[in-house]
Amino acid sequence: MSFIEFKNIEKEYKNAKRKSVTDFNLDIKEKEFIVFVGPSGCGKSTTLRMLAGFEEISGGTISIDGQVVNNKEAKERGIAMVFQNYALYPHMTVEKNISFGLRNIKTPEGEIKKKVDWAVKILGLEEYRHRKPKNLSGGQRQRVALGRAIVRNQKVFLMDEPLSNLDAKLRNKMRAEIHHLYQMLKTTFIYVTHDQTEAMTLGTKIVVMKDGIVQQVASAEELYRNPANVFVAQFIGSPQMNLLHGKIFYRDKKYFLMVHDHRIDLPKEKGEKLEQKDYIGKKVFVGVRPEDVEVLDMSRGGDGLKMNIEAQELLGAQTNLFLKRKNTHIAVVVKGRSDRVIGSECAICLDADKIHLFDIDTEKNILK
């Protein structure tokens, strides 16, 4: 049974050219860690705020633990929320910020002390409990905001881009702390981010959104290996999936794909599926992950798609090569340091078992 259910949710602002959220449907089980991810303006934060009760729902219903909450106030929904901007009281110490919500609901002093002591301990804030926010780092302030949420002991924790104000190193640290907190509290987390790394590493289930519409709901592995469409394919993964133009053929009892002048023989099962869907002789988008592209040694007679090396990035354990041929750009990931020379020619080979094929018009994954 679903713990939280979004059913045909719509959000439309007055005088807006399009709906901010369109026909949003999602079932969330208790104790799942759900991540809403997508570019700015895709509707992810709006959806979270409708769940929290901060935004009015234009259409559809939201249920929590079997009860429709459309007309319930935020405080009646059993939800705790952590915001992007921390929202701490500057004149209060760490422990007073954490205990503020508990005092508002007349929690006994003994219970307040017990919960605050527990929160500052698990969040590593013991030595900062008497400091005010101005004397804390960004990561410490975010931990205080987390502490204020977890002492409420609510059924659902909502987080709206809580790490976006932190630098890269601190984001990595806080990401690990949030994951640890989720495992310890064993409650339902719903997290909003535009950062695919946060989505892939935190979520048990990820909801990818674009222009207010859900593109795909799946695990991180499924999104990466079997994207529903071109948008998901290129949004998930860094460097993003390469997208090329190709055409499907069947000749001499063999199925194959032509990308420029490079022939890629297709497995029979994949070819038969394309034939069943009437794609023989049709143009398609060909998607391939940068790590699934092999750079051939031309000095040994390597036969592949000819490209020119335009740039490269050494990232320690790997090197990203950026190749170009006319209007075609391809990113390739190779292990370690590359001895390729910028401006030189190379040849690449696309693995037929790992390529993705997308419809030119709908941009949907043909083989999914």
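1. Buried here means under 20% relative accessible area. By that cut-off Ser99 is buried, because its relative accessibility is 2%. Ser99 is part of helix H2, and its side chain gets to the backbone oxygen of Glu95 at 3.0 Å. Setting aside residues up to four places away in sequence, Ser99 touches Ile112 and Val116. Bear in mind while reading on that this is a predicted model.

2. Now for the overall picture. The protein chain has 368 residues, and 48% of them count as buried. You'll find 9 helices and 20 strands in it. Along the principal axes, the C-alpha atoms fill a box of roughly 80 × 45 × 40 Å. As for contacts in the chain with a separation of 6 or more, 66% of them come from residues 24 or more positions apart.

3. Back to H2, this time with its partner. How do H2 and H4 pack? Helix H2 covers residues 94-104 and helix H4 covers residues 138-150; their axes are 7 Å apart and the angle is about 30°. That angle makes H2 roughly parallel to H4, since angles under 35 degrees count that way. The crossing of H2 past H4 is right-handed.

4. Which residues make that contact? On the H2 side they are Val94, Asn97 and Ile98, and they meet Val144, Gly147 and Arg148 of H4. Sorted by type, the residues of the H2 and H4 contact come out as 3 nonpolar, 2 polar and 1 charged.

5. H4 also packs against helix H5, residues 168-185, with an angle of about 15° and axes 11 Å apart. The angle makes H4 roughly parallel to H5. This crossing is right-handed. H4 contributes Gly138, Gly139, Gln142, Arg143, Leu146 and Ile150 to the contact, while H5 brings in Leu170, Lys173, Met174, Glu177, Ile178, Leu181 and Leu185. That set divides into 7 nonpolar, 3 polar and 3 charged residues.

6. Just past H5, have a look at Lys186. This residue sits in the loop between H5 and strand S8 (188-193). Its phi is near 50°, which is a positive value in a residue other than glycine. Is Lys186 buried or exposed? Lys186 counts as exposed, because its relative accessibility is 55% and the cut-off for exposed is over 50%.

7. Lys253 is another one to check by eye. Phi of Lys253 is near 60°, again positive in a residue that isn't glycine. You'll find Lys253 in the loop between S11 and strand S12 (254-259). With 75% relative accessibility, Lys253 counts as exposed.

8. On the backbone, where is there a cis peptide bond? The bond from Ser238 to Pro239 is cis, with omega near -5°. Pro239 belongs to the loop between helix H8 (230-235) and strand S11 (242-251).

9. Then there's Arg325, placed in strand S17, which spans residues 318-325. Why does Arg325 count as buried? Its relative accessibility is 19%, and the cut-off for buried is under 20%, so the label follows. What does its side chain reach? It gets to the backbone oxygen of Lys306 at 3.5 Å. Not counting residues up to four places away in sequence, Arg325 touches His260, Asp261, Leu305, Lys306 and Met307.

10. Last stop, Gly60, found in strand S4 (residues 59-64). At 32% relative accessibility, Gly60 counts as partly exposed, because that label covers values between the buried limit of 20% and the exposed limit of 50%. Leaving out neighbours within four places in sequence, the residues in contact with Gly60 are Lys7, Asn8, Ile9 and Asn70. If you want a long span to look at, take Gly60 and Lys268: they are 208 residues apart in sequence, and their C-alpha atoms are 45 Å apart in space.

Key: Residues numbered from 1 in each chain as written. Predicted model: local features only at pLDDT ≥ 70, side-chain atom pairs only at ≥ 80, totals over all residues. Heavy atoms only, no water. Helix = DSSP H or I, 4+ residues; strand = E, 2+ residues; numbered from the N terminus. Buried < 20%, exposed > 50% of the residue type's maximum accessible area, 1.4 Å probe, protein only. Polar contact = N/O pair within 3.5 Å; in protein donor to acceptor, adjacent residues only side chain to side chain. Contact = heavy atoms within 4.5 Å. Axes fitted to C-alpha atoms, helices over the stretch in contact; angles between N-to-C directions. Parallel < 35°, antiparallel > 145°, perpendicular 65-115°, else oblique. Left-handed = near helix turned anticlockwise from the far one by under 90°. Nonpolar A, V, L, I, M, F, W, Y, C, P; charged D, E, K, R; others polar.
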